[in-house]
Amino acid sequence: MTVRLLDTLSGRQRDLVPLEPGHVRIYSCGPTVYGPAHIGNFRSFLFADLLVRHLRWRGLRVTWVMNVTDIDDKIIRGAAGAGVSIEALTERWTERFLADAASLRMNQPEVLPRATRHMDEIVALISTLLDKGHAYRTDDGSIFFRIASWPAYGKLARLDPDQLRVGERVEADEYAKDDVRDFAIWKGPKPGEPSWSTTIGEGRPGWHIECSAMAMKHLGPSFDIHTGGIDLIFPHHEDEIAQSEAATGQEFVGTWLHCAHLQMGGEKMARSEGNIALVGELLERGISTRALRYALISAHYRASLSYTDDSLASATAAVERLDAAYLALSTYREDRADDPALPDALDAARTAFGAALDDDLNISPALAALFDLVRDLNRRIDARAMSTADAERAVVALRDIDLVLGIGPDFEAEVLEPDVQDLIDARAAARAARDWARSDRLRDELAGRGIVIEDSRDGQRWRRAGVTSDA
Ligand SMILES: [Zn+2]
């Protein structure tokens with residue numbers, strides 16, 4: 001088994017060979033916490049989650065770091081506009097981000113570093129860049145990275161360094177940079193803005209330097225994978241490479257992975273476009289978090305993905321199909337010999353699923369392998385061709401695949417209200433006593449509570465009407 005990933009920097013598929021054998025270190029650019037993350041942001045975070053889950057499923061140890069940007073221009077404006085402190089604003093939206101991430105079943109990264117808690121590392125990195133001549137100060141107390149000192153600049157975004165940043169001339173005048181292409185790694189103090197008193201002077205860090213400092217603090221000067229949305233390739237990731245490699249003299253990142261935008265109404269989903277959908281709003285509409293997760297991970301990460309009511313409906317149908325298979329299998333009872341062909345069928349599905357994801361997280365054939373298996377299992381159920389133990393084996397196989405996808409039902413967490421459970425038990429008793437009138441009455445009563453009762457050869461089973469929030 002080898003995982004191959006398409007590296008943005010080299011433009012080639014590379015075998016993933018962790019710098020430390022068996023241990024993959026991953027950094028993902030996380031949210032800037034001045035408002036709720038929209039589902040376009042979450043597409044990028046869930047792609048990283050899928051990668052992390054798959055690598056773990058393959059037996060690799062993964063250390064995953066996702067930063068939280070808790071100081072920048074938008075945060076400063078947001079806090080001033082809301083009349084609250086920056087800490088109060090960022091704390092609130094960090095909590096909301098974590099709650100949304102949990103409801104979408106995103107694994108929690110090992111480290112969620114915040115920029116304001118890494119000022120020492122940021123200042124040390126800037127000091128090194130000043131010492132090595134890769135950075136310089138301006139009169140207003142700002143510090144800029146000197147692109148002329150770093151000939152490799154532009155290699156990630158494939159830019160001609162001489163043509164860079166012509167559009168930023170206005171900002172250049174404002175800051176009196178030596179070179180229009182140079183970017184701020186430290187911003188001098190301004191009235192009404194927060195600043196830190198440090199050995200490099202008074203001010204606050206630029207956004208790009210935060211990620212370099214936090215990535216290297218938690219993962220070392222070189223690590224395996226860096227992820228983000230494609231809009232971060234330039235300038236954010238280009239700048240991260242320049243600052244980090246200029247400071248350490250080592251290759252910063254082995255493989256760069258970039259996720260395409262989520263589109264809505266033909267445009268990139270972005271706060272600035274005004275076409276955003278929020279996790280919380282969708283849940284209020286009764287959308288299943290699992291269906292939403294499915295919709296966001298079911299296209300290849302480098303393919304642009306359109307978000308529509310139709311795509312949500314088909315994601316909901318897929319999740320319901322999966323739920324129905326789990327339910328049928330977990331209640332299936334047949335006293336017969338095990339099917340000797342079943343283990344091979346389960347193994348073949350697992351192999352096809354894993355091989356697809358090994359190939360640059362090729363999700364479509366991976367999902368096809370899962371749903372082909374579901375169809376096959378449904379046929380076996382209808383034909384009563386499995387033993388009770390076979391059905392249990394099939395559930396184990398589906399659960400195994402779901403360790404990567406995270407879209408399956410969570411039976412353990414499904415706790416019914418006690419009076420609903422009493423009604424279900426009472427109906428089972430009525431059926432056992434062949435009291436059909438009472439049994440029908442109880443079924444109607446349960447329907448009124450949103451619980452659908454189905455009778456099968458394996459006895460009575462229940463499900464919630466439609467798929468609703470898992471929360
Ligand atoms: Zn970043």
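A search of the whole structure finds 0 disulfides. This is a predicted model. The protein has 471 residues, and 52% of them are buried. Its fold is built from 15 helices and 16 strands. A zinc ion is bound by three protein residues: Cys 29, Cys 211 and His 236.

**Cysteines without disulfides**

- Cys 259 is one cysteine to check, and the closest cysteine sulfur to its own is that of Cys 29.
- The two sulfurs are 13 Å apart, so they are too far from each other for a bond.
- A disulfide here would need the sulfur atoms within 2.5 Å.
- Cys 259 is also buried, because its relative accessible area is 1%.

**The zinc site**

- Cys 29 and Cys 211 each offer their SG atom to the zinc ion, while His 236 offers NE2.
- These donors lie 2.1 Å from the metal.
- Along the sequence, the donor residues follow the spacing C-x181-C-x24-H.
- Cys 29 and His 236 link distant parts of the chain, 207 residues apart.
- Cys 29 sits in the loop between β3 (23-28) and α1 (39-57), whereas His 236 belongs to helix α7 (residues 233-248).
- Both Cys 29 and His 236 are buried.
- Cys 211 has a relative accessible area of 0%, so this donor is buried too.

**Nonpolar cores**

- The largest nonpolar core holds 81 residues.
- Ile 39, Leu 55, Leu 292 and Leu 405 have the most contacts inside that core.
- Helix α1 is the top contributor to this core, giving 11 residues.
- Beyond its neighbours within four places in sequence, Leu 55 is in contact with Val 3, Leu 16, Val 24, Ile 26, Leu 60, Val 62 and Ile 225.
- A second core is separate and has 48 residues, among them Ile 209, Phe 223, Ala 242 and Phe 252.

**Helix α12**

- Helix α12 covers residues 363-382, which is 20 residues.
- From first C-alpha to last, α12 reaches 29 Å, close to the 28 Å expected at 1.5 Å a residue.
- Its buried residues include the nonpolar Ile 363, Leu 367, Phe 371 and Val 374.
- Asp 376 and Arg 380 in α12 are buried as well.
- The cover over the buried residues of α12 includes α1, α9 (289-297), α10 (309-331), α11 (342-358) and α13 (388-405).
- Arg 384 follows α12 and has a positive phi, near 50°.

**Ser 103 in helix α3**

- Ser 103 lies in helix α3, which spans residues 86-103.
- Ser 103 counts as buried because its relative accessible area is 18%, and the cut-off is under 20%.
- Leaving out residues up to four places away in sequence, Ser 103 touches Val 279, Leu 283 and Thr 289.

**The β15–β16 hairpin**

- Strand β15 (residues 451-456) and strand β16 (residues 459-464) run antiparallel and are joined by 6 bridges.
- The hairpin between β15 and β16 passes through 2 residues.
- Ser 456 stands opposite Gly 459 of β16.

**Overall dimensions and contacts**

- Taken along the principal axes, the C-alpha atoms fill a box of roughly 90 × 50 × 40 Å.
- Of the contacts between residues at least 6 apart in sequence, 76% join residues at least 24 apart.

Definitions and conventions: Residues numbered from 1 in each chain as written. Predicted model: local features only at pLDDT ≥ 70, side-chain atom pairs only at ≥ 80, totals over all residues. Heavy atoms only, no water. Donors = N, O, S within 2.8 Å, 3.2 Å for Na, K, Ca; no water. Helix = DSSP H or I, 4+ residues; strand = E, 2+ residues; numbered from the N terminus. Buried < 20%, exposed > 50% of the residue type's maximum accessible area, 1.4 Å probe, protein only. Core = buried A, V, L, I, M, F, W, Y, C linked by side-chain atoms within 4.5 Å. Contact = heavy atoms within 4.5 Å. Pairing = 2+ DSSP bridges. Expected span 1.5 Å × (residues − 1).
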